[in-house]
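Reader: I am new to reading protein structures, and I would like some help. Could we look at one together and go through its features step by step?

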Amino acid sequence: MPFGYIGQNQPKQKVKNAGVLSSFDISLLEKNNHASGSYELIQSQTASADAALNFTEIRGSEFDVHYVTFNEIKDFSSSGVNFGLRFYESGTLETDSVYQGAHIEQKSSNQNYNPKGTYSYIFLSQGSLTTNEYTSGYCYIYYANKSDEYTYVTDHVITEDPAGTAVFSYGGGVLPQTSTVDGLNFSTVNGATMNGVINLYGVKKQWVL
């Protein structure tokens with residue numbers, strides 16, 4: 001059985017440690033920003049009474065997986081607003097009711113909500129309305145920019161619903177059509193404004209020496 005330790009006085013083994021990286025290999029990969037599974041910040045944007053934040057340079061040819069964090073999404077200008085995600089396909093925003101999604105929402109009031117179906121966006125969260133109420137969370141986006149793949153999303157969010165009730169939700173969605181997704185649109189869906197910060201990262205691919 002091969003050992004995973006590389007250093008002085010390592011055991012004499014009959015099976016070669018194929019694929020095992022030395023500490024030098026790891027430090028070199030990290031120095032060159034090639035360590036797999038790590039995140040590279042692509043862009044950070046701040047909404048200030050904006051109806052949407054658009055990320056049109058997602059560097060999809062470099063990353064099969066994107067990671068997005070959103071925090072202090074708040075001050076929606078009207079009630080009954082949802083926070084959602086749409087995709088740009090070859091530069092054109094897809095707004096038709098073609099996205100499919102399902103969520104589990106658990107509320108502290110026990111009035112749970114489970115949105116599911118086909119929509120004109122991928123549902124991420126209900127919108128927080130009042131001072132000191134925020135929507136924060138993250139999502140992963142898979143296979144954007146791959147013209148022969150559907151584009152998938154998974155997410156986890158904590159928020160306060162319009163009634164001021166704490167809500168934790170998780171779920172996912174998919175754009176079930178093969179297209180080149182080259183941009184992201186985070187919005188209130190219905191045109192209401194919002195504030196907050198959204199960060200887009202690329203998840204580095206695995207490199208083999």
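Reader: Let's start with β10. Which residues make up its covered face, and which the uncovered one?

Author: Bear in mind that this is a predicted model. In β10, T151, V153, D155, V157 and T159 form the covered face, while Y152, T154, H156, I158 and E160 form the uncovered one.

Reader: What does β10 pair with, and how do the strands run?

Author: Look at both partners in turn. β9 and β10 run antiparallel and are joined by seven bridges. β10 also pairs with β11 (residues 166-175), again in the antiparallel sense, over ten bridges. You can find single partners too: G137 stands opposite V157 in β10, and T151 has L175 in β11 as its bridge partner.

Reader: Where is Y150, and is Y150 part of a patch? I mean, which residues form the nonpolar patch on the surface?

Author: Y150 sits in the loop between β9 (135-142) and β10 (151-160). The patch consists of Y143, Y150 and Y152, which together have about 270 Å² of accessible area. As for Y150 itself, its relative accessible area is 35%, so this residue counts as partly exposed.

Reader: Now for another loop. Is T188 buried or exposed?

Author: A residue is called buried when its relative accessible area is under 20%. T188 has just 1%, so T188 is buried. You will find T188 in the loop between β12 (181-187) and β13 (194-203). Leaving out residues up to four places away in sequence, T188 touches A51, F76, V81, N82, T193 and M194. A polar atom of the T188 side chain also lies 3.4 Å from the backbone nitrogen of G191.

Reader: What about D182, and which residues does D182 touch?

Author: D182 belongs to strand β12 and is partly exposed, at 25% relative accessibility. Not counting residues up to four places away in sequence, its contacts are F55, T56, I58, Y88, E89, S90, G91 and N145. With S90 there is a further detail: the D182 side chain reaches the backbone nitrogen of S90 at 3.4 Å. Also compare sequence with space here: D182 and A144 are 38 residues apart along the chain, yet their C-alpha atoms are 6.8 Å apart.

Reader: How should I read salt bridges, and how many does the structure hold?

Author: Side chains of opposite charge can pair when their charged atoms come close. This structure holds five salt bridges. One of them joins E40 to R59, with the closest N and O atoms 2.8 Å apart. E40 is in strand β1 (residues 39-50) and R59 in the loop between β2 (52-55) and β3 (65-74), so this pair ties together parts that are 19 residues apart in sequence.

Reader: Which other residue forms a salt bridge with E40?

Author: K204 does, with the closest N and O atoms 2.8 Å apart. That pair links distant parts of the chain, since E40 lies in β1 and K204 in the segment after β13, 164 residues apart. K204 counts as buried at 10% relative accessibility, whereas E40 is partly exposed at 24%. R59 also meets E62 in a salt bridge, at 2.9 Å from N to O. Through shared partners, E40, R59, E62 and K204 are joined into one network.

Reader: And the whole protein: how many helices and strands are there?

Author: There is one helix, along with 13 strands. Of the 209 residues, 38% count as buried.

Methods. Residues are numbered from 1 along each chain as its sequence is written. This is a predicted model: local features need pLDDT of at least 70, side-chain atom pairs count only at pLDDT 80 or more; totals for chains, interfaces and linings use all residues. Side-chain values use heavy atoms; hydrogens and water are left out. Patches are made of residues with over 30% relative accessible area and no salt bridge: like charges are joined within 9 Å, nonpolar side chains (Val, Leu, Ile, Met, Phe, Trp, Tyr) within 5 Å. Accessible areas come from the Shrake-Rupley method with a 1.4 Å probe; for residues, only the protein chains shown count as cover. A salt bridge is a side-chain nitrogen of Lys or Arg within 4 Å of a carboxyl oxygen of Asp or Glu. Helices (H or I, at least four residues) and strands (E, at least two) are DSSP runs, numbered from the N terminus. Buried means under 20% relative accessible area, exposed over 50%, partly exposed in between (1.4 Å probe, protein chains only). Two strands pair if DSSP finds at least two bridges between them. A polar contact is a pair of N or O atoms within 3.5 Å; within protein, one must be able to donate a hydrogen and the other to accept it, and residues adjacent in sequence count only if both atoms are side-chain atoms. Contact means heavy atoms within 4.5 Å.
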